[in-house]
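Please open the model in your viewer and keep the selection panel at hand. The tour below goes from one selection to the next and says what is there at each stop.

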Amino acid sequence: MKNVLWLMAVMIIAGCANLGSMLSSSGSSSAADSSVRGKMQACMLTEAQSRFQAGTLFNDTITNTAQNLVSTCAKKLALESVGINQQSQSDATNIINSLKNLSNN
């Protein structure tokens, strides 16, 4: 339980620190960098919370879990940057499932 509280505290502090840097940045490139970093941190926080609620956050070492969070979020953000968002992936899944159901009938 203490580990969870520490993890949450660190993530909140990191999020607040990033929010402060985003608000104080004035250049467009640094604002873009802050925006990407902010999206990455928001994704990692969401992913960590999701895994925590599912009971899988602490199944591996902290280092491996952190690397997996980074990898997962980097893929999500890369897909979003080329116009493929979660809704598109969900739509594609529905199409495939529909075709699969048709072929089974």
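Select E47 to begin, which in this predicted model has its place in helix α2. Is this residue buried or exposed? With a relative accessible area of 15%, E47 lies under the 20% cut-off and therefore counts as buried. To see what surrounds E47, leave aside the neighbours within four places in sequence and display L69, T72, C73 and K76, with which E47 is in contact.

One of those contacts of E47, C73, leads to the next selection, since C73 also belongs to the largest nonpolar core of the model. Add M40, C43, M44 and L77 to C73, and the five residues of this core are complete. Colouring by element is useful here, as α2, spanning 28–54, and α3, spanning 62–81, are the elements that give two or more residues to the core. The largest share, three residues, comes from α2.

Now select F52 and F58, and turn the view until both rings can be seen. A pair of aromatic rings is described by the distance of the centres and the angle of the planes. For F52 and F58 the centres are 6.3 Å apart and the planes stand at 80°, over the 60 degrees required, so the pair is edge-to-face. The count of aromatic pairs comes to one. As for accessibility, F52 is partly exposed at a relative accessible area of 37%, and F58, at 44%, likewise counts as partly exposed.

For the next stop, switch on a surface display and select L79, V82 and I84, which form a nonpolar patch on the surface and together have about 240 Å² of accessible area. Within this patch, L79 has its place in helix α3. Its relative accessibility is 31%, which lies between the 20% and 50% limits, so L79 counts as partly exposed.

Finally, clear the selection and show the whole chain as a cartoon. What pattern does the chain follow when read along the sequence? The pattern is α-α-α-α, with four helices and zero strands in the chain. Of the 105 residues, 16% count as buried, while the accessible surface of the chain comes to about 7900 Å², with 61% of that surface belonging to carbon and sulfur atoms. If you draw the contacts with a separation of 6 or more, bear in mind that residues 24 or more positions apart account for 53% of them.

Key
Residues numbered from 1 in each chain as written. Predicted model: local features only at pLDDT ≥ 70, side-chain atom pairs only at ≥ 80, totals over all residues. Heavy atoms only, no water. Core = buried A, V, L, I, M, F, W, Y, C linked by side-chain atoms within 4.5 Å. Buried < 20%, exposed > 50% of the residue type's maximum accessible area, 1.4 Å probe, protein only. Contact = heavy atoms within 4.5 Å. Phe/Tyr/Trp six-rings, centres within 6.5 Å; stacked < 30°, edge-to-face > 60°. Patch = residues over 30% accessible without salt bridge, like charges linked within 9 Å, V, L, I, M, F, W, Y side chains within 5 Å. Areas by Shrake-Rupley, 256 points an atom, 1.4 Å probe, with all protein chains shown as cover. Salt bridge = Lys/Arg side-chain N within 4 Å of Asp/Glu carboxyl O.
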